[in-house]
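Reader: Please give me a close look at one part of this model, the largest pocket and the packing around it. I would like a single connected account that starts from the lining and works outward.

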Amino acid sequence: MLEAEIPAFVDDVIATGCDICAIGHDGYVVGDADLSDEEYEIARPKLARIKERYGDRDHLLREIAIYLCSLGRHHDPGSPPVN
């Protein structure tokens, strides 16, 4: 994956119905565990296609996290949980 593809990658993940959120400034999570079983079964093949399309993203973890923070999609470790 190229750094220029980060916005499209994030948009594609969001379009599956999964939340994507930076954790601190060095990583991110895809919230597929938050989906119901039915929603997950719909999202699973879409997520697999995203993984295939964008390939390895490990070298861009920080850049993806920074982009997510710029969108307000972040959680800082140590902050109180949000209900």
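The largest pocket and its surroundings

Author: At least two residues of the lining of the largest pocket come from each of H1, S2 and H2. The model is a predicted one, and the description that follows should be read in that light. H2 is the element that gives the most to this lining, contributing four residues. The space in the pocket amounts to about 180 Å³, and its lining is made up of Phe-9, Val-13, Tyr-28, Val-29, Val-30, Asp-32, Leu-47, Ala-48, Ile-50, Lys-51 and Arg-57. Sorted by class, eight of these lining residues are nonpolar and three are charged, while no polar residue is found there.

Two of the lining residues, Phe-9 and Val-13, lead directly into H1, where the buried residues are Ile-6, Phe-9, Val-10 and Val-13. Around the axis these four cover an arc of only 95 degrees, which places them on the same side of H1. An α-helix has 3.6 residues a turn, so residues three or four places apart point the same way. The cover over the buried residues of H1 includes S1, S2, H2 and H3, and just after H1 comes Gly-17, with a positive phi of about 95 degrees.

Phe-9 also ties the pocket to the interior, as a residue of the lining that also appears, with Met-1, Ile-20, Ile-64 and Leu-68, among the members of the largest nonpolar core that touch the most other members, out of 18 residues in that core. H1, S1, H2 (residues 37–54) and H3 are the elements that give this core two or more residues. In soluble globular proteins, nonpolar side chains tend to be buried together.

Ile-64 and Leu-68 carry the account from the core to H3, a helix spanning residues 61–70, in which Ile-64, Ala-65 and Leu-68 are buried. Viewed down the axis of H3, the buried residues fall within an arc of 100 degrees, so they line one face of the helix. What covers them includes H1 (6–15), S1 (20–23) and S2 (27–30). After H3 comes Gly-72, whose phi is positive and near 80 degrees.

Met-1 deserves a closer look, since its contacts reach both the pocket lining and the core. Leaving aside neighbours within four places in sequence, Met-1 is in contact with Ile-6, Phe-9, Tyr-54, Asp-56, Arg-57, His-59, Leu-60 and Ile-64. Among these partners, Phe-9 and Arg-57 are residues of the pocket lining, and Phe-9 and Ile-64 are named with Met-1 among the core members that touch the most others. Another partner, His-59, is found in the loop between H2 and H3. Where does its accessibility place it? His-59 has a relative accessible area of 46%, so it is partly exposed, because that class lies between the limits of 20% and 50%. Although His-59 and Met-1 are 58 residues apart along the chain, their C-alpha atoms are separated by 8.7 Å.

Further out, the loop between S1 and S2 holds Gly-24, which counts as buried at 10% relative accessibility. Residues up to four places away in sequence not counted, Gly-24 touches Ala-65, Cys-69, His-75, Asp-76 and Pro-77; of these, Ala-65 is one of the buried residues of H3. From Gly-24 to Ser-70, which is 46 residues away in sequence, the C-alpha to C-alpha distance is 12 Å.

To close, H2 can be considered once more, being the element that gives the most to the pocket lining. Glu-39, which has its place in this helix, is partly exposed at 42% relative accessibility, and its C-alpha atom lies 9.1 Å from that of Thr-16, a residue 23 positions apart from it along the chain. Arg-49 also lies in H2, and with a relative accessible area of 54% Arg-49 is exposed. Arg-49 and Cys-69 are 20 residues apart in sequence, and their C-alpha atoms are 25 Å apart in space.

How values were computed
Residues are numbered from 1 along each chain as its sequence is written. This is a predicted model: local features need pLDDT of at least 70, side-chain atom pairs count only at pLDDT 80 or more; totals for chains, interfaces and linings use all residues. Side-chain values use heavy atoms; hydrogens and water are left out. Buried means under 20% relative accessible area, exposed over 50%, partly exposed in between (1.4 Å probe, protein chains only). The arc is that of the directions from the helix axis to the C-beta atoms. Contact means heavy atoms within 4.5 Å. A nonpolar core is a set of buried Ala, Val, Leu, Ile, Met, Phe, Trp, Tyr and Cys residues joined through side-chain atoms within 4.5 Å. On a 1 Å grid over the protein atoms alone, a cavity is a set of points where a 1.4 Å probe fits but cannot get out, and a pocket is an open set with protein on both sides within 12 Å along at least five of seven lines; lining residues have an atom within 4 Å of a point. Grid points are joined across faces, edges and corners, and a volume is the space filled by probe spheres set on the points. Ala, Val, Leu, Ile, Met, Phe, Trp, Tyr, Cys and Pro count as nonpolar, Asp, Glu, Lys and Arg as charged, and the others, Gly among them, as polar.
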